[in-house]
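Visitor: Could you take me through this model and set each label against the rule behind it?

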2 protein chains.
Amino acid sequence: MSSVVAINQRARSADQKALRRQAVLETAETYFLEVGYEAFSMSKLAKKTGLAKGTLYLYFQTREELFLTLYEQSLIRWSHVFFDGLSDSMTSKAYAQKLVSTASADGTFLPLLIRLEHMIEHNVAIPRLISSKQLFIKQVEAIAEATSISLSLSEAQAIEVVKTMGVLLIGASQGDQGPSLDHEELPEDVQDLIASFSSEPLFIKNAVRIIEGIRTEAVSNI
Amino acid sequence: MSSVVAINQRARSADQKALRRQAVLETAETYFLEVGYEAFSMSKLAKKTGLAKGTLYLYFQTREELFLTLYEQSLIRWSHVFFDGLSDSMTSKAYAQKLVSTASADGTFLPLLIRLEHMIEHNVAIPRLISSKQLFIKQVEAIAEATSISLSLSEAQAIEVVKTMGVLLIGASQGDQGPSLDHEELPEDVQDLIASFSSEPLFIKNAVRIIEGIRTEAVSNI
DNA sequence: AGGTTGAAATGACCATTGGTCAGCTATATA
DNA sequence: TATATAGCTGACCAATGGTCATTTCAACCT
């Protein structure tokens with residue numbers, strides 16, 4: 001009854017298979033953090049894991065299903081970190097700040113979130129996709145509950161806030177995903193533009209506007 | 001001095017080359033609207049244009065530079081349509097409604113905007129990228145000017161609004177980019193989730209919150 | 001009119017990709 | 001120790017984006 005599967009041993013029990021799958025995911029995440037989404041190749045991942053390419057496809061139906069799994073794990077991981085950073089009666093600014101800083105700190109979460117709908121989901125079997133969406137719903141509900149307490153909002157308002165924060169996070173992150181142009185070859189106007197789309201301040205400013213907007217709507221509905 | 005270049009004729013003058021380049025772009029856009037970004041292949045585009053693949057690469061450095069050009073043209077085209085739809089003293093809701101409906105109506109603009117930073121820009125030469133960013137700045141300024149009038153905002157506020165609308169548009173569009181799941185195979189909770197991320201109402205609601213937020217900030221700064 | 005020349009166009013070719021599957025082999029069981 | 005099951009393998013496939021030596025066309029110059 002060994003709980004570790006050496007790379008040249010076969011994973012026979014369900015436990016061992018789960019372990020191997022997780023080991024592949026961990027290698028994949030490290031590799032992903034090195035090269036990013038586009039340059040990520042299944043052949044190279046096979047080499048890195050010490051397995052044959054065909055074996056990877058015993059554990060994941062497609063490259064995208066692997067990414068979907070990585071995304072799910074990063075979502076869960078991030079939401080725990082975010083939870084831990086929340087406290088009662090936060091200002092909307094502090095809340096937004098915590099949200100964006102924890103999300104940015106996880107190198108996997110945002111790059112995969114951004115590619116979820118228009119890349120990853122397009123090459124994943126539908127039942128797998130459904131289970132992923134259901135996990136997402138569960139996470140949104142959990143985050144909304146914590147949000148409701150932190151921002152003193154009703155449950156319905158908190159759900160609205162969380163969904164909207166997701167949308168805003170995707171939009172605001174976009175600005176950090178361009179090619180790295182550390183070089184000084186850029187004209188000043190272009191540098192200013194890029195600076196003005198820096199994701200964190202952009203996110204925080206607008207998150208505050210939206211949260212305050214949602215609060216106000218509730219008051220005016222009384 | 002012919003202003004049309006038959007497919008089996010050579011484009012020799014600068015004019016003819018520009019014409020041919022534009023003809024390729026038009027075929028490419030039609031093809032893109034049929035199959036989308038991922039399935040778009042340069043070999044197939046070559047067949048559709050009646051040119052050899054190598055010839056395409058005389059007119060565009062990479063697949064992505066072609067997409068960047070298509071994006072630029074769709075940005076210009078959309079902003080004209082948007083201008084035409086604006087009038088003096090609009091409500092922020094009417095403004096947001098016009099913005100999102102015109103953007104969605106252009107089948108090319110949003111799908112390319114969404115992929116700009118994390119896909120397209122990563123395979124385009126830097127000088128080309130700079131010129132594209134400068135075109136973007138120009139468009140933002142023009143749209144901001146029209147916005148300033150329509151929403152009765154200062155120029156600075158209008159620029160803030162326009163930039164933020166861009167961010168929100170990208171985030172909100174994401175929800176429409178998933179695989180088409182017309183099939184009834186989806187459980188109810190997942191269907192509800194997808195419905196709640198429908199881009200147009202999501203965009204409008206939050207655009208209003210943000211615009212009103214920007215207005216309020218200005219007042220409280222006096 | 002016929003030759004020269006430079007540049008536009010070509011398409012076979014290359015490395016690489018995601019994905020498959022017939023065959024191999026490690027291992028639990030009898 | 002023999003057998004059967006099933007995990008694993010890697011050569012193979014069709015496709016991709018991109019290249020470049022070669023071909024071909026048309027404008028120019030005798």
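Visitor: What makes a residue one that lines the largest cavity, and which residues are they?
Guide: In this predicted model, a lining residue must have an atom within 4 Å of a cavity point, and by that rule the lining consists of Val100(A), Ser104(A), Leu110(A), Leu169(A), Ala172(A), Ser173(A), Ser199(A) and Phe203(A). Helix H5 (92–105), helix H8 (155–173) and helix H10 (199–220) of chain A are the elements that give two or more residues to this lining, and H8(A) gives the most, with three residues.

Visitor: Why is this called a cavity and not a pocket?
Guide: The name cavity is kept for points where a 1.4 Å probe fits but cannot get out, whereas a pocket is an open set. The structure holds one cavity of 30 Å³ or more, and the volume of the largest cavity is about 30 Å³.

Visitor: How are the residues of that lining divided between nonpolar, polar and charged?
Guide: Five are nonpolar, three are polar and none is charged. Val, Leu, Ala and Phe count as nonpolar and Ser falls among the polar residues, so Val100(A) and Phe203(A) are placed in the nonpolar class, and Ser104(A) in the polar class.

Visitor: How do you know which residues surround DNA strand C, and how many are there?
Guide: A residue counts if one of its heavy atoms lies within 4 Å of the strand, and 26 residues surround DNA strand C, the closest being Lys53(A), Arg63(A), Lys17(B), Arg20(B) and Thr55(B). Of the atoms of DNA strand C that come within 4 Å of the protein, sugar and phosphate account for 58%. By class, the surface near DNA strand C is made up of eight nonpolar, nine polar and nine charged residues, and H3(B) gives the most to it, with four residues.

Visitor: What makes the approach of Asn123(A) to DNA strand C a polar contact?
Guide: The rule asks for a pair of N or O atoms within 3.5 Å; an N or O atom in the side chain of Asn123(A) is 2.8 Å from a phosphate oxygen of DNA strand C, so the pair qualifies. A polar side-chain atom of Tyr59(B) likewise lies 2.8 Å from a phosphate oxygen of this strand, while Ala52(B) places a polar backbone atom 2.9 Å from a phosphate oxygen of DNA strand C.

Visitor: Which contacts to phosphate oxygens of DNA strand D are made by Lys17(A) and Tyr59(A)?
Guide: A polar side-chain atom of Lys17(A) lies 3.3 Å from a phosphate oxygen of DNA strand D, and for a polar side-chain atom of Tyr59(A) the distance is 2.8 Å; each value falls within 3.5 Å, so each pair is a polar contact. From chain B, a polar backbone atom of Met42(B) is 2.9 Å from a phosphate oxygen of DNA strand D. The largest share of the surface near this strand, four residues, comes from H3(A).

Visitor: Why is the area between chain A and chain B called buried?
Guide: Buried area is the accessible area that two parts lose on being put together, summed over both, so the value of about 4300 Å² covers both chains, with 68% of it given by carbon and sulfur atoms. In chain A, His118(A), Val167(A) and Arg209(A) lose the most area to chain B, together 16% of what that side buries. The contact takes 46 residues from chain A and 46 residues from chain B.

Note on methods: Residues are numbered from 1 along each chain as its sequence is written. Chains are lettered from A and ligands numbered from 1 in the order in which they are written. This is a predicted model: local features need pLDDT of at least 70, side-chain atom pairs count only at pLDDT 80 or more; totals for chains, interfaces and linings use all residues. Side-chain values use heavy atoms; hydrogens and water are left out. On a 1 Å grid over the protein atoms alone, a cavity is a set of points where a 1.4 Å probe fits but cannot get out, and a pocket is an open set with protein on both sides within 12 Å along at least five of seven lines; lining residues have an atom within 4 Å of a point. Grid points are joined across faces, edges and corners, and a volume is the space filled by probe spheres set on the points. A polar contact is a pair of N or O atoms within 3.5 Å; within protein, one must be able to donate a hydrogen and the other to accept it, and residues adjacent in sequence count only if both atoms are side-chain atoms. Contact means heavy atoms within 4.5 Å. Buried area is the accessible area (1.4 Å probe) that two parts lose on being put together, summed over both.
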